[in-house]
Amino acid sequence: MRYFVVAFTLCILGGCGGFFLKDEIMKERSPEFWIKNAQQDLLKKLTTKLNLNKAKRMIFFLGDGMSIPTVTAARIYKGQMDGLDGERDSLSFENFPVLGLSKTYCVDKQVADSACSATAYLSGVKANYETIGVSAHVQKNDCLAAKIEKNQVESIAAWAQSAGLSTGIVTTTTVTNASPAGTFSHTSNREFESDFDIRAANKSLEHCEDIAKQLIFQNPGSNFKVILGGGRANFLPNFTKEGNRLDNLDLIKHWKSSKKSQANYVTDRESLLNIDVENTDYLLGLFNKGDLDYHLDSGCIQPTLEEMTEAAIKILQKNEKGYFLFVEGGLIDRAHHMNLAVKALDETVELSKAVQKAVDLTDEKDTLIVVTADHAHVMSMAGYPDRGNLITGIGTEMSPIDHLPYMTLSYANGPSSGHYTHEGHRDDLRQVNNIGEKNFEFPSLVPMEIESHGGDDVAVFARGPWSNLFSGVIEQSDIPHFMAFAGCVGNGLTLCSLDNDMK
Ligand SMILES: *[C@@H]1O[C@H](CO)[C@@H](O)[C@H](O)[C@H]1NC(C)=O
Ligand SMILES: *[C@@H]1O[C@H](CO)[C@@H](O)[C@H](O)[C@H]1NC(C)=O
Ligand SMILES: [Zn+2]
């Protein structure tokens with residue numbers, strides 16, 4: 001629904017942008033407006049039935065660093081970009097019937113990184129900071145401990161493969177980055193994406209196995225039907241233009257030659273969009289040397305997250321038994337780390353589009369979709385901007401102490417600290433000329449080279465079979481166990497073992 005809006009620029013504070021959805025907000029003066037709205041929401045709830053089917057298909061969407069304030073601000077940003085009433089707009093997954101909160105702390109840290117959290121939400125076991133696919137018996141950089149089989153934990157992707165399901169991963173970062181690596185790797189340091197990184201950290205190549213190599217040569221990575229994202233450098237020898245590997249291995253060549261049936265390797269958007277799904281059993285797409293570009297910076301050489309998600313689903317759904325797909329919007333986190341809130345919100349909207357595509361291509365009856373984040377960030381949304389004020393703009397209030405305006409969005413720490421202060425006084429933001437542009441660094445307090453993650457709980461949105469399990473405040477490590485129950489994979493209690501017990 002597209003509202004008719006009367007948008008005009010409000011400039012109470014000079015220099016600032018903003019628009020006022022006059023007619024829309026006038027309607028809100030009437031109590032009937034809210035009562036009708038609430039009654040509609042109530043009816044929707046009353047007609048929602050519990051879905052206790054088996055989840056034949058499971059799709060796990062991860063918004064890296066998608067804190068709750070990020071979701072709120074992205075919803076408003078999306079609405080405002082579309083000329084709608086931002087505050088009342090919603091991201092695709094906000095329409096899912098079930099919502100819970102996930103506690104993201106790791107075994108040794110109050111605030112998680114993407115590695116220990118990936119181990120929790122994919123393998124169902126909490127781990128130490130910066131370690132992936134290993135229990136907390138393994139300390140960071142202890143490569144020998146990470147090699148011991150009893151210290152390794154299996155991910156839901158491995159469980160799914162054992163049950164005959166197809167599996168795949170999609171990300172906007174390198175495919176060897178911490179979150180996707182949680183599906184297939186076991187490492188004592190997330191930085192070991194290629195052997196170059198192991199050498200750079202002065203660690204033994206004999207003791208440490210790099211993540212790219214694990215993806216190509218070991219289960220479950222070597223059996224993935226779909227691998228889409230960035231990170232070509234980690235797969236190619238350093239004598240090639242883009243490669244950084246020191247062991248002369250061309251892992252892409254190895255990937256292709258190890259496949260018995262149709263295997264396609266693509267490096268650009270055009271080739272991905274033209275893939276012959278019928279004749280593609282295995283698909284590897286590496287669209288950049290490192291991470292993909294931000295959506296706001298990208299041309300048409302790289303596919304969007306939505307396009308990669310569509311290609312992945314079309315290939316995986318060829319398996320009648322079903323599939324497990326992991327999709328990561330990885331650049332939300334990258335942008336927050338640089339205090340680039342506009343890009344963080346835009347990447348969240350990109351994730352929302354990918355989720356909508358998955359909703360459109362699947363059936364709620366047999367497809368469980370879970371959308372969550374690995375950890376929060378320290379961006380906050382400060383009071384009290386007027387309704388309809390641009391979420392990425394200057395707020396409409398002044399500080400009563402220094403009589404200067406402030407941004408609605410700002411960070412507790414990060415690289416922008418000090419950029420807007422002089423001699424202990426805040427600058428007048430109305431004089432800053434790139435406010436709200438894509439590369440504007442939002443203000444932060446504590447000086448840090450990169451902004452840090454946040455320790456607050458993150459949301460878990462669920463839709464489809466047994467989505468009801470994802471309500472309440474849960475441990476992050478509960479998530480794959482709940483999915484496995486619904487999908488009848490893994491060694492824990494499942495819907496199918498329950499059925500058998502009752503027979
Ligand atoms: C590795 O060793 C070299 C030479 O001793 C040293 O310069 C470098 O700082 C070390 N790097 C790390 C990450 O420890
Ligand atoms: C590639 O790595 C090897 C081994 O470290 C090194 O000797 C060589 O100079 C590197 N080549 C390039 C082109 O960087
Ligand atoms: Zn991060």
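The expected span of a helix is 1.5 Å times one less than its number of residues. Helices (H or I, at least four residues) and strands (E, at least two) are DSSP runs, numbered from the N terminus. This is a predicted model: local features need pLDDT of at least 70, side-chain atom pairs count only at pLDDT 80 or more, and totals for chains, interfaces and linings use all residues. Residues are numbered from 1 along each chain as its sequence is written, chains are lettered from A and ligands numbered from 1 in the order in which they are written, and side-chain values use heavy atoms, with hydrogens and water left out.

**Helix H12 (residues 305-316) is largely enclosed by the rest of the structure.** Its twelve residues should span 16 Å at 1.5 Å a residue, and the end C-alpha atoms are 16 Å apart, so the two agree. Nine of the twelve are buried (under 20% relative accessible area; exposed is over 50%, partly exposed in between; 1.4 Å probe, protein chains only). Among them are Leu305, Glu307, Met308, Ala311 and Leu316.

**Helix H3 (residues 68-81) matches its expected span.** The 14 residues should cover 20 Å, and the end C-alpha atoms lie 20 Å apart. Its buried residues include Thr70, Val71, Ile76, Tyr77 and Lys78. They pack against helices H13 (331-337) and H14, and against strands S10 (379-381), S13 (409-414) and S18 (458-463). Glycine 83 follows H3, with a positive phi near 75°.

**The largest nonpolar core has 64 residues.** Such a core is a set of buried Ala, Val, Leu, Ile, Met, Phe, Trp, Tyr and Cys residues joined through side-chain atoms within 4.5 Å. Ile59, Phe61, Phe93, Leu228, Leu325, Leu351 and Val371 have the most contacts inside it. Helix H14 (residues 341-361) gives the largest share, ten residues. Domain 1 and domain 2 each supply at least three residues. Apart from this core lies another, of 52 residues, among them Val98, Ala181, Ile216 and Leu251.

**Leucine 228 has contacts from elsewhere in the chain.** Neighbours within four places in sequence are left aside. Contact means heavy atoms within 4.5 Å. The partners include Ile169, Val175, Leu272, Phe287 and Met308. Ala311 and Ala312 are also among them, and both are buried residues of H12.

**Asp333, His337 and His453 coordinate the zinc ion (ligand 3).** Donors are N, O and S atoms within 2.8 Å of the metal (3.2 Å for Na, K and Ca); water is not among the atoms, so sites may look incomplete. Asp333 is listed with OD twice, and each histidine with NE2, at 2.1 to 2.3 Å. The spacing along the chain is D-x3-H-x115-H. Histidine 337 in helix H13 and histidine 453 in strand S17 (residues 453-454) link distant parts of the chain, 116 residues apart. Histidine 337 is buried at 12% relative accessibility, and histidine 453 at 13%.

**Domain 1 (57-378 + 453-502) meets domain 2 (380-447).** These bounds come from an automatic or database domain assignment. The domain centres, taken over C-alpha atoms, are 33 Å apart. The contact takes 20 residues from domain 1 and 24 from domain 2.

**Aspartate 366 sits in the loop between H14 and strand S8 (367-373).** Aspartate 366 is buried, with a relative accessible area of 18%. It touches Lys54, Ala55, Lys56, Arg57 and Pro465, not counting residues up to four places away in sequence.
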